[in-house]
Amino acid sequence: MQNISIIKAELQDIEKLQKIGRQTFFETFSESNSEENMQKYLDEGFSIEKLTTELTNINAEFYFAFLDAEVIGYLKLNFGESQTELKDNKALEIERIYVSKEFHGKSVGQLLYDKAIEVAKQKNADYVWLGVWEENPRAISFYKKNGFVEFDKHIFKLGDDEQIDIMMKLNLKN
C-alpha cells in the first residue's frame, strides 16, 4: 500500500491513540471474550490516565501507521524497566502491534514490525521479544514468518479470564 507513513506518537496524540487502541483491541478479541471482560479491559487498558503514563514513560514508545491522515494501526515498544516481564536491558519488547481490520493483509503490520526492528537495532538490543495469545494463529504465524521462536508462556488477564500467551523472541545478534 502506498501513502502509509509510520510516525512516533506524542502526548498530544493521546485521543488518536485511545481511539485506535480500543478499536483494534475490540476487533481482534471481542468474538472470543465476554462483553463484560472486554469492557473492563477497554476502560482500564485504554484510559486517558493509563495512556498518559505510557506516553510520558521514557522507556516506552508508540508509533502510528497513517494512511494519508487516518490512523490505521499502531505499535507499542518497551525497553528496560518498562518491559512487562523480562526487564532485560539488552532486550526490546513489542507489547502491541494492532491494525484496523479493514487493513489486515495489506502489509501495515509488517511496516510497524519493521519499525520495531529498526528501533531495536538503534538501541543496540540483543533480541526482541513479545507475548502473543495462544488462540491468535494469525499473529503467531506472522511472528514465525519474521523469524521469532517460542521460548516460554505466561498468563494474560482479560477481566476475570486468565489466558495463556506464548512468549516468542528474535535474536538480533549472532
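**Exercises on a predicted model**

In this structure, G109, Q110 and Y113 of helix 4 meet F142, Y143 and K145 of helix 5. The model is a predicted one.

**Exercise 1.** Determine how the residues of the contact of helix 4 with helix 5 divide into nonpolar, polar and charged.

*Solution.* Begin with the members of the contact: helix 4 supplies G109, Q110 and Y113, and helix 5 supplies F142, Y143 and K145. Next, apply the classes: Phe and Tyr count as nonpolar, Lys counts as charged, and Gly is placed among the polar residues. The contact therefore divides into 3 nonpolar, 2 polar and 1 charged.

**Exercise 2.** Describe how helix 4 and helix 5 are arranged, and state whether the crossing is left-handed or right-handed.

*Solution.* Two packed helices are described by the angle between their axes and the distance between the axes. Helix 4 covers residues 108–122 and helix 5 covers residues 137–145. Their axes come within 12 Å and cross at roughly 50 degrees. Angles under 35 degrees count as roughly parallel, and those from 65 to 115 as roughly perpendicular. Helix 4 and helix 5 are therefore oblique to each other. Finally, the crossing of helix 4 past helix 5 is right-handed.

**Exercise 3.** Classify F79 as buried or exposed, and identify its contacts beyond four places in sequence.

*Solution.* F79 is located in strand 3. Its relative accessibility is 7%, and the cut-off for buried is under 20%, so F79 counts as buried. Outside its neighbours within four places, F79 is in contact with I58, N59, A60, E61, A91, L92, V119 and K123. One of these residues, I58, is 21 residues from F79 along the chain, and the two C-alpha atoms are separated by 8.8 Å.

**Exercise 4.** Compare S82 and L86, two residues of the loop between strand 3 and strand 4, in terms of exposure and contacts.

*Solution.* Consider S82 first. With 18% relative accessibility, S82 counts as buried. Its side chain is joined to that of N57 by a polar contact of 2.7 Å. Beyond four places in sequence, S82 is in contact with N57, N59, A60 and E93.

Now consider L86. Its relative accessible area is 33%. Partly exposed is the class between 20% and 50%, so L86 is partly exposed. Not counting residues up to four places away, L86 touches Y127, W129, F151 and M167. The C-alpha atoms of L86 and T56, which lie 30 residues apart along the chain, are separated by 21 Å.

To conclude, S82 is buried, whereas L86 is partly exposed.

Methods. Residues numbered from 1 in each chain as written. Predicted model: local features only at pLDDT ≥ 70, side-chain atom pairs only at ≥ 80, totals over all residues. Heavy atoms only, no water. Axes fitted to C-alpha atoms, helices over the stretch in contact; angles between N-to-C directions. Helix = DSSP H or I, 4+ residues; strand = E, 2+ residues; numbered from the N terminus. Parallel < 35°, antiparallel > 145°, perpendicular 65-115°, else oblique. Left-handed = near helix turned anticlockwise from the far one by under 90°. Contact = heavy atoms within 4.5 Å. Buried < 20%, exposed > 50% of the residue type's maximum accessible area, 1.4 Å probe, protein only. Polar contact = N/O pair within 3.5 Å; in protein donor to acceptor, adjacent residues only side chain to side chain.
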